[in-house]
Every structure is written in C-alpha cells, then in structure tokens.
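Me: I'd like to learn how to read a fold by its contacts. Can you walk me through one?

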Amino acid sequence: MVAPIRIRFIGSGDAFGSGGRLQTCLCVESDTHRFLVDCGASALVGLRKFGVDPNAIDTVLVTHMHGDHYAGIPWLALQRAAAGVKRPLTVLGPEGISTRLPGLADHLFPSASPRPDRFQLDIREYASLRPATLGEAWPGGLTVTGYPVTHVPATNPHALRIEVGGKVIVFSGDTSWDENLVDAAAGADIFICEAWSLRPAAPVHMDIETLRRRRADLDCERIVLTHMGDDVLAALPIEGFEAAEDGMVIEV
Ligand SMILES: [Zn+2]
Ligand SMILES: [Zn+2]
C-alpha cells in the first residue's frame, strides 16, 4: 500500500494579498519527509502559523522567479542558520535562479553578505521538459519536470509535474492557459491550478471561464484552485473545482 501524501497550503493567495491570504507556498509531506513547492515572501510566517517546523524544511521547488513565489527563501534560509541547522537548503528552480537568488538574499539581508555561507543554499536548476531527480529529499526519490508556461518571461515560468511516493502532483505555477498544461497534468493524482480571475483579465494569469472551457483536455480527476484574486474569492464555491485556503490540508 502506498503511504498517503499530504499537501498543506501554507499560502493560497496572489501577489496582492487578496482575501488576506498568504502568498504561494505548498508543503508536501509524509510522516517522515517534506518539501516546499514555491516559497512566497510570507512563507516563514505561514509555516509557523500552521505548525510546520521551518528548520525541518530541506528542499524547496520553485515554479518561477516572482517574489510571491520565491522571495521567502532567504528568510527561511536565514532562520535555519540562526537555529544552527547545518544541512544546506536545497533549492531546485528554473534556469537563472542560481544567479538571481543569491542576489535577492543579499538585497534582503545585506549584513549576511560578508558570510555568504550563512545562507547555506544549495541551488540547482532544472531544464525545461528534462526530469530532475532529488533522491535525498524523499524515500524512493523525488522527480520534478518543469513545463514552460505563459507568464512573465523574465521569471522563466514553469508548471511543475512532481512524482513522489507513487503519486503525481502537478502545480501550474502562474500562467494563462498554455497547451503544455495538458501534458503536465496528464494522469496526475491532483492538479493545483492558479485561478486569478473569473474571466480573462490578464494575459499572464488563468481565469475560471477558460479553465472550465478546457477542463475536458485535462486528464485528471481532481483540480484545486489557488492564487485566487478578489472576484474568484467572492464567487466561491465554484462548481466543479475544489478551492484552496490557507492552512488547508488535502491527502493524495
Ligand atoms: Zn504569483
Ligand atoms: Zn508570477
């Protein structure tokens, strides 16, 4: 029997704090292991709020380089250093993150700059459509495949297909409708999808109308909405979809 995996929504909000929600951060965990998917600026607050020990997080996967998805990493790393955690924090993100993340950390906490080792970051990059494996993050391995999606190009945006513990968890990251989502979500146990507006409102974000129109192209039974803007939050519940909220835990 395959052990259940829990997905804890540390933050289910957008970049603007809509609905008073925290920025994007998922904690994927079993009884013995855990990792984060995205780590928005508010992630450390969220981890403490929902009872997750930040010093027990050793791995963060990143969809794209917008602050509401990765600006929490320096604070998480700094907290670990302050607590005396010697294990590095492994970050697996899109190409470019190995140069941009140290710069971000230096901007946010300059006094750490004479001692860059203080952040203890082990930064790795995935290439589009090339599965990357992080064997140490989970018994049996953790395989991550990034699918390029339609969002602000300077952030190198990807949806992530995450294979772990016999399950397939897919997260859209930020994107408007992109045909790559069809491949990314094929056969997934769960597809967590950003849904920023009810109708097409921004060329770089998903909307409910489009998601509903393309629902049949997504070969997965379960879709959970996250990263919702004000009009989507006001319309909840939305028929045919589950909706995340901060602190919510689902099992796959
Ligand atoms: Zn975002
Ligand atoms: Zn974004």
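Reply: Sure. Start with what a contact is: two residues are in contact if their C-beta atoms, placed from the backbone, lie within 7 Å. Keep in mind that this is a predicted model. Take Arg 161, which sits in strand β9 (residues 158-164). Leaving out residues up to four places away in sequence, Arg 161 touches Thr 145, Tyr 147, Val 168, Val 170 and Ala 184.

Me: Is Arg 161 buried or exposed?

Reply: For that you count neighbours: 20 or more other C-beta atoms within 10 Å make a residue buried. Arg 161 has 23 C-beta neighbours inside 10 Å, so it counts as buried. You can also look at distance in space: Phe 191 is 30 residues from Arg 161 in sequence, and their C-alpha atoms are 9.0 Å apart.

Me: And how does Ser 98 score on that count?

Reply: Ser 98 belongs to helix α4. Ser 98 counts as partly exposed, because it has 13 C-beta neighbours inside 10 Å. Beyond four places in sequence, Ser 98 touches Ile 123 and Glu 125. With Glu 125 the sequence separation is 27 residues, while the C-alpha to C-alpha distance is 7.1 Å.

Me: How do I read the packing of α3 against α4?

Reply: Look at the angle and the distance between the axes. Helix α3 (residues 73-82) and helix α4 (residues 97-108) pack at about 70°, with axes 9 Å apart. Angles of 65 to 115 degrees count as roughly perpendicular, and α3 and α4 are therefore roughly perpendicular to each other. On the α3 side you find Ile 73, Pro 74 and Ala 77, which meet Leu 101, Leu 104, Ala 105 and Leu 108 of α4. That contact is made of seven nonpolar residues, with no polar and no charged ones.

Me: Which residues touch the most other members of the largest nonpolar core?

Reply: That core has 69 residues, and Leu 26, Leu 36, Leu 61, Val 91, Ile 169 and Val 170 touch the most other members. Try Leu 26: beyond its neighbours within four places in sequence, its contacts are Ile 7, Phe 9, Ile 10, Leu 36, Val 37, Asp 38 and Phe 171.

Me: What about the chain as a whole?

Reply: Zoom out, then. The chain has seven helices and 14 strands, and 46% of its 252 residues count as buried. Among contacts with a separation of 6 or more, 61% join residues 24 or more positions apart. The radius of gyration is 17 Å, which agrees with the value near 18 Å for a compact globule of 252 residues. Along its principal axes, the C-alpha trace spans about 50 × 40 × 35 Å.

Note on methods: Residues are numbered from 1 along each chain as its sequence is written. Chains are lettered from A and ligands numbered from 1 in the order in which they are written. This is a predicted model: local features need pLDDT of at least 70, side-chain atom pairs count only at pLDDT 80 or more; totals for chains, interfaces and linings use all residues. A nonpolar core is a set of buried Ala, Val, Leu, Ile, Met, Phe, Trp, Tyr and Cys residues joined through C-beta atoms within 7 Å. A residue is buried if 20 or more other C-beta atoms lie within 10 Å of its own, exposed if 12 or fewer, and partly exposed in between; C-beta atoms are placed from the backbone. Helices (H or I, at least four residues) and strands (E, at least two) are DSSP runs, numbered from the N terminus. The radius of gyration is taken over C-alpha atoms; the globule rule is 2.2 Å times the number of residues to the power 0.38. Axes are lines fitted to C-alpha atoms, for helices over the stretch in contact, and angles run from 0 to 180 degrees between N-to-C directions. Angles under 35 degrees count as roughly parallel, over 145 as roughly antiparallel, 65 to 115 as roughly perpendicular and the rest as oblique. Ala, Val, Leu, Ile, Met, Phe, Trp, Tyr, Cys and Pro count as nonpolar, Asp, Glu, Lys and Arg as charged, and the others, Gly among them, as polar.
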